[in-house]
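Here is a short set of exercises to work through with the model open beside you. Try each task yourself before reading its solution.

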Amino acid sequence: MNSWNEGYFTDSTYTYGYYRELSPNFMRWCLLLNGILAPEITEESCHCELGFGQGVAANIHAAATPGKFFGTDFNPSHAITANELAEASGADAKFFEDSFEEFSKRDDLPQFDSISLHGIWSWVSAENRRHIMEFARRHLKSGGMLYNSYNCLPGWAPIAPLRELLAMYDKYSGKGGAAKGRISEALKFVEEMLAANPAYLNLAPNFAKTFEVLKKNNPDYLAHEYLNLDWDLMYFTDVAEIAQQAKLNFAATAIPIEIVEKLNISEPAIEFLRKIENPIVKEQARDYFINRQFRKDIFVRGIRKINSVERLDKILEMRYVLLSPADNVPLKFKTTGGDVKLSEEIYRPILEFLQEDNYRPKNFAEYLKRNPAQDSKGILEAIIILVNNNNIMPCQSEVAVNLVKKSCDKLNAHICERAKFEDAINFLVSPLTGLGVAVTRFQQLFLSQYRAGDKTSDKLAASAWKIISRQGQRLIHEGKTLQTPEENLAHMEKLTDDFLKTQLPIFKALLI
Ligand SMILES: C[S@@+](CC[C@H](N)C(=O)[O-])C[C@H]1O[C@@H](n2cnc3c(N)ncnc32)[C@H](O)[C@@H]1O
């Protein structure tokens with residue numbers, strides 16, 4: 001290849017996304033759920049993220065996880081942003097601008113406890129996939145974990161031609177230019193084609209519906225997703241076989257709820273899968289029942305199993321923190337298996353327990369002591385579902401929290417400061433969980449003004465309004481831009497009221 005970008009779309013930078021699955025803590029917890037031990041996370045640990053994009057997740061995890069962090073992304077703009085964030089947090093992190101090939105050949109990198117990559121595998125060439133696996137082969141410790149996510153078959157099979165149409169139109173139109181224009185032209189082409197009702201729609205009835213959802217996405221995301229030279233779909237078995245060559249075994253998915261099979265697949269499907277002995281065949285067959293399009297896999301280099309009693313004890317002994325008021329946690333939701341309705345009788349007391357003492361993190365051994373009639377398996381299921389739905393999160397040890405508190409504070413202060421001028425990174429980092437937390441720009445502004453001394457709703461609203469009005473910005477409420485300063489201030493005060501009453505106690509519990 002004579003161009004550094006190797007066919008990867010680099011005409012715009014990537015979105016500022018955050019994915020908890022990239023976190024060494026979250027990976028460890030998913031493995032524990034499956035009865036598999038991963039290396040302890042200590043000050044000596046080393047972690048690495050490949051293709052970190054803007055580096056939001058990489059920096060959140062570098063600030064919030066004990067040990068050293070490394071990463072690479074060949075887009076120089078991405079590497080600059082990632083290193084700026086690392087400088088702000090003061091975390092022990094080094095982010096490179098190497099291609100995967102260059103990175104896999106370096107001799108100055110340590111052995112890693114975890115390697116993670118999200119949104120990479122399907123969008124790079126087979127050669128780059130080989131470099132990634134070579135990197136894991138050379139640099140992952142025994143017992144270490146690798147997280148990889150990818151578009152997969154069979155779920156994508158009927159709608160893969162949609163991507164083909166977008167990329168084909170873009171390639172042959174030869175117009176080039178900014179991502180937004182290219183994507184909008186390609187979308188227009190497909191829209192017009194669908195309006196003319198091609199016979200293919202009879203074979204793939206979800207095609208038009210998928211297109212409707214797809215076209216509403218951010219153009220930069222769409223450009224990176226659909227305008228790359230490479231876009232390869234694989235079956236799980238293909239990836240598992242490639243990983244085996246680097247001595248990596250499939251260990252778990254990073255979708256906790258999948259372990260509660262009855263919520264995801266039907267009784268006959270459970271019965272069918274139960275009879276399959278080979279774990280790889282079983283996992284692949286499950287994708288057909290789920291009609292899976294995207295996999296979130298955790299591989300390990302050498303599996304260390306523990307028995308179900310030890311697993312249960314370890315999960316119950318960990319502390320968990322509630323991420324929203326107990327009453328706001330929805331007990332109805334959808335899974336791949338359909339609608340789920342959780343029992344009020346079981347879940348409300350658990351959520352109220354977690355909300356007690358200003359959301360102080362608690363372990364479920366404590367809950368079971370108070371409620372001896374509760375069945376520990378039912379509690380385990382509740383923990384899995386609530387973590388899966390991002391209602392609660394497991395916490396790090398107190399030792400780990402103390403090690404990372406300072407770098408998290410510094411990163412949060414930096415992100416909140418940036419929020420004065422841009423609405424880019426909609427996350428903050430919790431030293432308690434070691435994970436990112438979704439936060440709006442206004443919450444970031446309120447938090448920094450609160451820390452600066454504006455403790456009341458009206459003062460917070462006035463200072464936030466001063467910041468945005470100076471930049472000619474206005475609040476939007478119910479799709480309408482609020483015009484006058486009075487209207488803006490009145491609405492801002494509603495937001496600050498909610499911040500003080502609802503969000504601030506949770507931020508405090510999360511040690512943000
Ligand atoms: C779809 S983005 C995902 C970014 C990030 N992981 C996320 O999920 O937000 C893919 C990233 O991989 C980087 N990338 C693609 N090919 C690469 C290569 N050969 N070497 C290094 N980085 C690469 C791109 O610059 C881009 O930031």
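**Exercise 1. How many residue pairs are in polar contact between domain 1 and domain 4?**

Solution. Keep in mind that this is a predicted model.

Step 1: Locate the two parts. In the domain assignment, domain 1 covers 20–154 + 233–300, and domain 4 covers 398–509. The rest of the assignment consists of domain 2 (157–226) and domain 3 (319–394).

Step 2: Count the polar contacts. There is 1 residue pair in polar contact between domain 1 and domain 4, with both residues at pLDDT 80 or more.

Step 3: Look for salt bridges too. Between domain 1 and domain 4 the count is 0.

**Exercise 2. Describe the contact between domain 1 and domain 4, then the side that domain 1 brings to it.**

Solution. Step 1: Start with the distance. The C-alpha centres of domain 1 and domain 4 are 31 Å apart. To the contact, domain 1 gives 18 residues and domain 4 gives 17 residues.

Step 2: Turn to the area. The size of an interface is often expressed as the accessible area lost when the parts come together. Between domain 1 and domain 4, about 1300 Å² is buried, and carbon and sulfur atoms give 77% of that area.

Step 3: Find the elements. On the side of domain 1 that touches domain 4, two or more residues come from each of helix H1 (24–33), helix H2 (56–64) and helix H3 (76–89). H2 gives the largest share, 6 residues.

Step 4: Sort the residues by type. This side of domain 1 has 9 nonpolar, 7 polar and 2 charged residues.

**Exercise 3. Which strands stand at the edges of the open sheet E11-E8-E12?**

Solution. Step 1: Read the order. The open sheet has 3 strands, ordered E11-E8-E12, with antiparallel pairing.

Step 2: Pick out the edges. Strand E11 (362–363) and strand E12 (392–394) each have a single partner strand, so one side of each has no neighbour in the sheet.

Step 3: Check one pairing. Strand E8 (residues 319–322) and E11 run antiparallel and are joined by 2 bridges. Arg319 has Asn363 in E11 as its bridge partner.

**Exercise 4. Find the backbone details at Pro154 and Asn197.**

Solution. Step 1: Go to the loop between strand E5 (140–151) and helix H6 (160–173), where Pro154 lies. The peptide bond from Leu153 to Pro154 is cis, with omega near 10°.

Step 2: Move to the loop between helix H7 (179–195) and helix H8 (200–203), which holds Asn197. Asn197 is a residue other than glycine with a positive phi, near 55°.

How values were computed. Residues are numbered from 1 along each chain as its sequence is written. This is a predicted model: local features need pLDDT of at least 70, side-chain atom pairs count only at pLDDT 80 or more; totals for chains, interfaces and linings use all residues. Side-chain values use heavy atoms; hydrogens and water are left out. Domain bounds come from an automatic or database domain assignment. Contact means heavy atoms within 4.5 Å. Buried area is the accessible area (1.4 Å probe) that two parts lose on being put together, summed over both. A salt bridge is a side-chain nitrogen of Lys or Arg within 4 Å of a carboxyl oxygen of Asp or Glu. A polar contact is a pair of N or O atoms within 3.5 Å; within protein, one must be able to donate a hydrogen and the other to accept it, and residues adjacent in sequence count only if both atoms are side-chain atoms. Helices (H or I, at least four residues) and strands (E, at least two) are DSSP runs, numbered from the N terminus. Ala, Val, Leu, Ile, Met, Phe, Trp, Tyr, Cys and Pro count as nonpolar, Asp, Glu, Lys and Arg as charged, and the others, Gly among them, as polar. Two strands pair if DSSP finds at least two bridges between them.
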